[in-house]
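Here are my notes for you to read alongside the model. Take them one at a time, and keep the structure open while you do.

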Amino acid sequence: MRVLVTGAKGQLGQDLIVHIEKYPWAIYGLGKAELDITNVEQVSKVITGFNPDVIIHTAAYTKVDQAEKDRDDAFRVNGEGTKNIAKAAASIGAKFCYISTDYVFDGENKIPYSTEDKPNPQTVYGESKLAGEKYTKQYCEKYFIVRTSWVFGLYGNNFVKTMLRLAKEKDEIGVVHDQTGSPTYTADLAKFLIELVQSEKYGTYHASNSGQCTWYEFAKEIFKQAGLDTKVIALTTDQFPRPANRPKYSVMANSTIENNGFQILPHWKESTQLFIEVLKEKEKVFYKG
Ligand SMILES: NC(=O)c1ccc[n+]([C@@H]2O[C@H](COP(=O)([O-])OP(=O)(O)OC[C@H]3O[C@@H](n4cnc5c(N)ncnc54)[C@H](OP(=O)(O)O)[C@@H]3O)[C@@H](O)[C@H]2O)c1
C-alpha cells in the first residue's frame, strides 16, 4: 500500500509516521515545506507523482485563538487546502482520510455527540474545519472524516506538556472545571487511523480516548501519574477568558467505531499514564515526587 500523510511535521503527523513505519508500506510523510496544501499546482503534482492508495490529511491551521483574527488564513488552509487535497485524492481514486475536530459542535449537548448530530461551530477554527468536511464529502466518494479532541502526544505542544512545565514553576495551577471533553493520545489515534484506512468502511467517525473529564480533572490526573503534589485550583471559563469560545461539552460518542467492528480507543487515564511513561523515557524528564 502507498500512504501519503500531509502535515507530517505536526503533532499527530509525526506519531502517525512512526506507527505507519511498522507496516511494509511505501510512506510519503510531507511537511509544509514539501507540500503546502494551499498550493494547487504543487498538490496536484506531488499527489499524482506519488500516486498513493491512501491520503491521511492531518495538515491544518490549528491556532484556535489566532484564527478569530485570521479568518482568511484559517479558511485558506482548513477549507481551500482540504479542497485541494480532496480533489487530488479523488482524481487518482485514492482513499481520503480527513482529520476533523470536536469544535464543529456548539458544546450545548448534555450527552455525547453522535456522528448524526448537526454541527454548529462557534469559532472560526471550527467553521473552517467544517468547511474542510464539506469539501471532503463533495469531492471524495472514498472518504473517512475522523473527528478527534484534546490531542496530546510526544511531538508537539499540548496540555499535558504545559501542565508538567508549569508544575516546575508553580506550586498551584488554576485550570477550568466547566469544560468537559475527551483527551486523545496521538499514538492511540494513529493506530485507529491505520486500521480504518485499510478498510472500505467509509463515513464519519468520532475518535477520542474513551471516557470524559474536565480540564481540571485532566490536570489532576496528569500530576497524579507524574507523582507530583502540585495543587490544582478549579476555575470557571469566565475566570480564564480566551479569544475563541471553547465548547462547554464536547464529548463524542465512539459508537461508529464499535458498530463498524473496530476497537474503541483506550480510556484517557490509561493513555495519559502511558504517555507520561513515554515522556519520562524519551525526554529523560524526571519529576519530583
Ligand atoms: N491538537 C488538538 O487538540 C486537535 C483537536 C481536534 C482536532 N485536531 C486536528 O487534528 C489534526 C492534527 O492536529 P495537530 O495537533 O497535529 O496539529 P499541528 O501540530 O498544528 O499540526 C498541523 C500541521 O499542519 C501544518 N500546516 C499548516 N498549514 C499548512 C499548509 N498550508 N500546508 C501544509 N501543512 C500545513 C503545520 O505546519 P506549521 O506548524 O509549520 O504551520 C503543522 O505541522 C488537525 O487537522 C487538527 O485540526 C487537533
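**Notes on the model**

1. Let's start with Asn51. With a relative accessibility of 41%, Asn51 counts as partly exposed, because that value falls between the 20% limit for buried and the 50% limit for exposed. Keep in mind throughout that this is a predicted model. You'll find Asn51 in the loop between α2 (40-50) and β3 (54-57). Its backbone deserves a look too: phi of Asn51 is near 50°, a positive value in a residue that isn't glycine. Most residues other than glycine have a negative phi.

2. Trp150 has a positive phi as well, near 45°, and it isn't a glycine either. Look for Trp150 in the loop that runs between β5 (143-148) and β6 (151-152). Is Trp150 buried or exposed? Trp150 has a relative accessible area of 11%, so it is buried.

3. Now the ligand. Which of the 23 residues around the ligand come nearest? They are Gln11, Leu12, Thr62, Tyr125 and Lys129. Thr62 puts a polar side-chain atom 2.7 Å from an oxygen atom of the ligand, and a polar side-chain atom of Tyr125 also lies 2.7 Å from a ligand oxygen. The backbone joins in at Val151, where a polar atom is 3.0 Å from an oxygen atom of the ligand. On its own the ligand would expose 890 Å², and the protein buries 78% of that.

4. Where does the shell around the ligand come from? α1 (11-20), β4 (95-101) and α4 (124-139) each give at least two residues to it. The largest share, three residues, is supplied by β4.

5. Next, helix α9 (residues 268-283). Its 16 residues, at 1.5 Å a residue, should span 22 Å, and its end C-alpha atoms are 21 Å apart, which agrees. The buried residues of α9 are Trp268, Ser271, Thr272, Phe275, Ile276 and Leu279. Looking down the axis of α9, you'd see these buried residues fall within an arc of 140°, so they line one face of the helix. Why does such a pattern fit a helix? An α-helix has 3.6 residues a turn, so residues three or four places apart point the same way.

6. Turn α9 around and you meet its other face. Glu270 and Glu281 are exposed residues on the face of α9 turned away from its buried side. As for the buried side, the cover over its residues includes β6, α5 (159-169), β9 (184-185), α6 (186-197), β11 (213-214) and α7 (215-226).

7. That brings us to α7. At 1.5 Å a residue, its twelve residues should span 16 Å, and the end C-alpha atoms are 16 Å apart, which agrees. The buried residues of α7 are Trp215, Tyr216, Phe218, Ala219, Glu221, Ile222, Phe223 and Ala226. What covers them includes β6, α5, β7 (172-176), β11, β12 (231-235) and α9. Just after α7 comes Gly227, with a positive phi of about 70°.

8. Two threonines are worth a click. Thr123 sits in the loop between β4 and α4 and is buried, at 3% relative accessible area. A polar atom of its side chain lies 3.0 Å from the backbone nitrogen of Gly126. Leaving out residues up to four places away in sequence, Thr123 touches Glu68, Tyr103, Ala244 and Asn245. Thr148, in strand β5, counts as buried at 6% relative accessibility. Its side chain has a polar atom 2.8 Å from the backbone oxygen of Ala207. Beyond its neighbours within four places in sequence, the contacts of Thr148 include Ile99, Ser100, Asp102, Leu189 and Met252.

9. Last stop, Ser199, in the loop between α6 and β10 (203-206). At 11% relative accessibility, Ser199 counts as buried. Which residues is Ser199 in contact with, leaving aside its neighbours within four places in sequence? They are Lys95, Phe144 and Phe262. If you'd like to try the distance tool, go from Ser199 to Val77: the two are 122 residues apart in sequence and 28 Å apart in space, C-alpha to C-alpha.

Note on methods. Residues are numbered from 1 along each chain as its sequence is written. This is a predicted model: local features need pLDDT of at least 70, side-chain atom pairs count only at pLDDT 80 or more; totals for chains, interfaces and linings use all residues. Side-chain values use heavy atoms; hydrogens and water are left out. Helices (H or I, at least four residues) and strands (E, at least two) are DSSP runs, numbered from the N terminus. The expected span of a helix is 1.5 Å times one less than its number of residues. Buried means under 20% relative accessible area, exposed over 50%, partly exposed in between (1.4 Å probe, protein chains only). The arc is that of the directions from the helix axis to the C-beta atoms. Contact means heavy atoms within 4.5 Å. A residue is near a molecule or strand if one of its heavy atoms lies within 4 Å of it. A polar contact is a pair of N or O atoms within 3.5 Å; within protein, one must be able to donate a hydrogen and the other to accept it, and residues adjacent in sequence count only if both atoms are side-chain atoms. Accessible areas come from the Shrake-Rupley method with a 1.4 Å probe; for residues, only the protein chains shown count as cover.
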